[in-house]
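Please open the model in your viewer and keep the selection tool at hand, since this tour moves from one selection to the next and says what is found at each stop.

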Amino acid sequence: MFRLIKNGEELIFYGRFENTNPNDYTFYQWNCRLGTGERDPFIDVEAKPKMEPLVFAYRLILDIFNPEGYGAEFRSETAAAAHSSFDLIGFIPVFGDVTDFANAGLYILEGEFKEAGISVICAVLPLVGDFLFKGTRLYKKASHIKQSLEGDDYYKVKSIYRRPCTIGFTSGGIPEFSPYLLSSHFLPLNFNDCDGPEHLIERVKKVAEIGKGQLGFKEEQMDLLTTFLMPDADDNTKLLEFLNNQNDQHIYRFLKVWDASYKRLNQNIQSSSEIFGIQKPFLEFITAPERLDDHLEAFAKYPDLFKSWKLATDLGFDEAKKVELFADLIRLAPDEELVEAFAGQPELVRAWEVLSSTSIRTSTYWLGRISRWQDVGLNFTFVQHGTKVKVFREADEVAEIDDELQYFKINFNGLGGDIYCPLDRTVTVIGKFHSNVPKQGTWYLLPDLKLFKMGNNPGGINLLNIPVGFTWEKNRIWLTEATQRGDLIRIISDPADNHTIWKNGINTGNWADRTWTGKEIYELENVLDYHFDPSISAYIPNQ
Amino acid sequence: MLQDIKDRIKNDFEFADAIEVEKIFNQIASFGSNTGVDQVLRSILYLSNSDLANVKKYYSMYCDDPRDVIGEAEEKAGNPGHWFSIPFDQMDGFSGNLSKGEEDKKEDNLPF
């Protein structure tokens, strides 16, 4: 099959060489305006560079004349059409004799010497030869075409859409001049082979019309859409049955969401099945009559929600839970980072499930924090406990969230016990390291639990962490900035204990003999004008 | 463990002690620090005077607070300003300027 189509301002030749399997073909496209060609333009579109004319022609010729390639059928189709034409023209006196000789030449090239001989006889004995031999030949050909039309191998013309073209050959070798030549619609070529209930096919037409007319879909989008909607796959039937019951407005919104995903995910035909496999149940969900317009707007705007749907499905959420999740995600949707996190972090989706009976379920603050914890691999789990949420690292309860009282508590055994973090303030923690001792020193909070940040961290902990180029000056600046920010300066080692202040626990009065925590305390008390408040185990400013 | 530290261990200790020192240092590396671990290891090597007992003593100090080890080494070295964050072979020619660390990264202000 070889065709010429006009697509807007662009004049495009394209040809498709089919193997015996209609799904197995090579496709060529030449864009006259751009002067570039493509082979299999719908496959790996991103990876394939446009071909320059000579390269394009070379590849095309290779395919046509490759004896084992797709071109064999094209050659036979073209030759069959030429022979039929020569035979018919051969009936014209005098002029027909020339075409008979040409026909004979063509048969010789094909190795069909018997047929070549018949054509020569027709040329030499015009009337007798024409009616005796050509009549038989044309009758046989007509019978073959009739059989082909009735058989499965005929290129089905019962398509609901065809690309507009000015000339083409079907696999029966007959020039094709059908009413669809004037059609302005586009659907993929293999859509011609689709079978399905007529009402569904009609619905696909309707959907496609809305896509083209109201949403201005271009040819490539239309190809993807119609491939997506093809009613020959089982899982599509459900979607099409669903779409069949929708009004134009619903279909419009369905297409809007579909288009958003198409653009965002930048899919091509080859990988579309995988993505659409994810999306189909989701699309059914979002286009259900009970969905609100703003829901659909949110989905169209944040296509990452598609992935969240898949994640929830993979995690075994039932339909009701998925509806709950997506209702929450729609509320959270303005926070794009969070929506993205829900699309890629199973731990976060699981956490949401646990927290879904608390107010945290739609808290961008807490879900964002949980997402950041899980993103760096803290792998916490969560258990609801009344109005609180307990945070576990494996079997160890490490923290507690109280959304009602607006605090975050880290379980701790050092001076002052648990560390309470008000959500509007950073808690800067100073004190000894106590390597490898759980819940005692900064070691537990820093390399062990890793639940900290260096710098501003309202609702959480600020810890000194200078993995490269540590100096006292950097330590001093860190502490000064904490006081300037108004952090709560919590100390986890007893400042009344000499071992906290002095190396070897002996007060020499020398700066060099102070422990590092002792130096920080000196800085707080003598430079930054703070004093220790034992009731809260913290240093507070002298006012 | 960085090469200059490995070389210094090999140079400063007998084979059996060197193995012990490496074990201690691997322990420190696995526990981590609120400072550069390499700074701590170099500081311990500097303070140890090639004596395994000293390595163990300063390991104990590290457990209390790694900053104390680095501070003591810097003090003992006469406050050169490098705080043992550069390889041993560069310490003699140290110019007094350290490269900026991660603490200079811009804060995102997102609670963690």
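The stops below go from the contact between two chains to a group of aromatic rings and then to one acidic residue.

Before you select anything, keep in mind that this is a predicted model.

**Stop one: the contact between the chains.** Colour chain A and chain B separately, and then select the residues at which they touch, which come to 45 residues from chain A and 32 residues from chain B. The area buried between chain A and chain B is about 3100 Å², and carbon and sulfur atoms account for 55% of that area. Within this selection, highlight Phe433(A), Phe470(A) and Trp516(A), which together supply 20% of the area that chain A buries against chain B, more than any other three residues.

**Stop two: polar links across the interface.** Staying at the interface of chain A and chain B, you can look for 3 salt bridges, as well as 19 residue pairs in polar contact. To see one of the salt bridges, select Asp64(B) and Lys432(A), whose side chains meet with a distance of 3.4 Å from N to O. Next, show chain A as a cartoon and pick out helix 16 (364-375), helix 17 (442-448), helix 18 (472-485) and helix 20 (516-527), each of which supplies at least two residues of the side that touches chain B. If you colour that side of chain A by residue type, you will find 20 nonpolar, 15 polar and 10 charged residues.

**Stop three: the aromatic rings.** Over all chains, the structure holds 21 aromatic pairs. Select Trp373(A) and Phe382(A), which form a stacked pair, with 6.5 Å centre to centre and 10 degrees between the planes. Are these two rings buried or exposed? Trp373(A) is buried, because its relative accessible area is 0%, and Phe382(A) is buried too, with a relative accessible area of 6%. Now widen the selection to Tyr365(A), Trp366(A), Trp373(A), Phe380(A), Phe382(A) and Phe408(A), which form one aromatic cluster.

**Stop four: an acidic residue in a helix.** Finally, select Asp328(A), which you will find in helix 13 (residues 319-332) of chain A. Asp328(A) counts as buried because its relative accessible area is 2%, which falls under the 20% cut-off. What does Asp328(A) contact, leaving aside its neighbours within four places in sequence? The residues to show are Trp352(A), Arg361(A) and Thr362(A). With Arg361(A), the link is a polar contact between the two side chains, at 2.6 Å.

Terms used: Residues are numbered from 1 along each chain as its sequence is written. Chains are lettered from A and ligands numbered from 1 in the order in which they are written. This is a predicted model: local features need pLDDT of at least 70, side-chain atom pairs count only at pLDDT 80 or more; totals for chains, interfaces and linings use all residues. Side-chain values use heavy atoms; hydrogens and water are left out. Contact means heavy atoms within 4.5 Å. Buried area is the accessible area (1.4 Å probe) that two parts lose on being put together, summed over both. A salt bridge is a side-chain nitrogen of Lys or Arg within 4 Å of a carboxyl oxygen of Asp or Glu. A polar contact is a pair of N or O atoms within 3.5 Å; within protein, one must be able to donate a hydrogen and the other to accept it, and residues adjacent in sequence count only if both atoms are side-chain atoms. Helices (H or I, at least four residues) and strands (E, at least two) are DSSP runs, numbered from the N terminus. Ala, Val, Leu, Ile, Met, Phe, Trp, Tyr, Cys and Pro count as nonpolar, Asp, Glu, Lys and Arg as charged, and the others, Gly among them, as polar. Rings of Phe, Tyr and Trp (its six-membered ring) pair if their centres lie within 6.5 Å; planes under 30 degrees apart count as stacked, over 60 as edge-to-face and the rest as tilted. Buried means under 20% relative accessible area, exposed over 50%, partly exposed in between (1.4 Å probe, protein chains only).
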